[in-house]
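Please look through the sequence and the structure shown here before reading on. The text after them walks through the main features one at a time.

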Amino acid sequence: FWFLINQKIIPSASSETLIKLENQIAEVEINAVEDDEITKPPLEKIWQEDEKIEYNGFIITKKCDGTVADNDCKIKISKNNKTFVLFESGRNYWLQYGFFNFLGDADKQLIVHTYSGGAHCCYDYIIYDLQPNFRVLYDSRKFDRLVGSQLIPVDINKDGVFEFEQSVMSFDYFYASHAGSIFPPAVFVYDKKENRYRIGNKDFSGFILEDTKKSSDWFEEQYG
């Protein structure tokens, strides 16, 4: 399997490897966070319905042609008649965009969400900062489907800058079914030096262990 706790690939799923991984996690300083102290804003509330929005000099347009069941949809990000990015999708609800204040400053960041279809996949999120320059803060497509599910912003350390989590999908069907699988979170943290989000599981190991424990406890109740 593949796990993000130390940003390494672990090519095994044996019991021995799981024990070693558990011991390795235990050695990391635990930064436990109580659930009731964490706010998880649902991104569904930010998706825009307008066909055209101007923000910080950029124009974001979404246009869908065709029938309701099979749209030919496009999201275009442009400025001064220059197209920076163009997204395309077959269906309206598979392509969304909105604004969220990830970095805690005056300007919000633009986030584009795409869905490619499939039984239990495939969610992608791309976060852009528009000021002072157009730049990509995060692109889940670089992880080649190893992370999936909804992106959930969480200010874990309460510093005003949001971390966010997505699920590690490498354990899918590890028992017998998708519903019986455990999906530990991959946490991403904003790196001011690199001006982008990076994997931050080592920084927030307590949060990850707490989240994973809930899943494992549920698994034991169902299949133990």
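The paragraphs below go from the whole chain to its sheet, its cores and its charged pairs.

The model is predicted. Its mean pLDDT is 75, and 62% of the residues reach 70 or more. Over residues 1-15 the pLDDT is below 50, although this stretch has 35 contacts in the model beyond near neighbours in sequence. Over residues 17-37 the pLDDT is below 50 as well, and here the model has 29 contacts beyond near neighbours in sequence. Where pLDDT is low, the predicted coordinates should not be read in detail.

The protein has 224 residues, of which 43% count as buried. It contains two helices and twelve strands. Read along the sequence, the elements follow the pattern α-β-β-β-β-β-β-β-β-β-β-β-β-α. Among contacts between residues at least 6 apart in sequence, 44% join residues at least 24 apart.

A place to begin is an open sheet of four strands. The strands stand in the order S5-S6-S7-S8, and the pairing is antiparallel. Why is one side of S5 and of S8 left without a neighbour in the sheet? Strand S5 (95-100) and S8 stand at the edges and each has a single partner strand, so one side of each has no neighbour there. On average, neighbouring strands of this sheet are turned by 20° against each other, direction ignored.

Two of the pairings can be followed residue by residue. Strand S6, residues 109-115, is joined to S7 by six bridges, and the two run antiparallel. One position to look at is histidine 113, whose bridge partner in S7 is tyrosine 125. S7 is also joined to S8, by four bridges, again in antiparallel fashion. A hairpin of five residues leads from S7 to S8. In this pairing, aspartate 129 has arginine 135 in S8 as its bridge partner.

Aspartate 129 and arginine 135 are linked through their side chains too. These meet in a salt bridge, with 2.8 Å from N to O. Side chains of opposite charge can pair when their charged atoms come close. Are the two residues buried or partly exposed? Aspartate 129 has a relative accessibility of 3%, under the 20% limit, and therefore counts as buried. Arginine 135, at 21%, counts as partly exposed because its value lies between 20% and 50%.

The structure holds six salt bridges. Another one joins the side chains of arginine 141 and aspartate 139, with 2.9 Å from N to O. Here aspartate 139 counts as buried at 12% relative accessibility, whereas arginine 141 is partly exposed at 43%. Lysine 74 forms a salt bridge with aspartate 72, where the closest N and O atoms are 3.3 Å apart. Lysine 74 is partly exposed, with a relative accessible area of 29%, and aspartate 72 is partly exposed at 39%. Which residues make up the network of salt bridges that includes Lys74? The network links Asp72, Lys74 and Glu88.

The next topic is the nonpolar interior. The largest nonpolar core has 22 residues, and the members that touch the most others are Phe102, Ile111, Leu151 and Tyr197. Which elements give two or more residues to this core? They are strand S7 (123-129), strand S8 (135-139), strand S10 (163-168), strand S11 (185-191) and strand S12 (196-199). The largest share, three residues, comes from S11.

Tyrosine 197 shows how one of these core members is surrounded. Leaving aside residues up to four places away in sequence, tyrosine 197 touches Phe102, Leu103, Leu137, Tyr138, Val161, Phe162, Glu163, Phe164, Phe188, Val189 and Tyr190. Apart from the largest core lies another core, of 16 residues, including Val85, Phe87, Ile126 and Leu130.

A last stop is a buried residue in a loop. Isoleucine 156 is found in the loop between strand S9 (147-154) and S10. With a relative accessible area of 7%, isoleucine 156 is under the 20% limit and so is buried. The C-alpha atoms of isoleucine 156 and valine 189 are separated by 9.7 Å, while the two residues are 33 residues apart along the chain.

Conventions
Residues numbered from 1 in each chain as written. Predicted model: local features only at pLDDT ≥ 70, side-chain atom pairs only at ≥ 80, totals over all residues. Heavy atoms only, no water. Core = buried A, V, L, I, M, F, W, Y, C linked by side-chain atoms within 4.5 Å. Buried < 20%, exposed > 50% of the residue type's maximum accessible area, 1.4 Å probe, protein only. Contact = heavy atoms within 4.5 Å. Pairing = 2+ DSSP bridges. Axes fitted to C-alpha atoms, helices over the stretch in contact; angles between N-to-C directions. Salt bridge = Lys/Arg side-chain N within 4 Å of Asp/Glu carboxyl O. pLDDT = per-residue confidence, 0-100.
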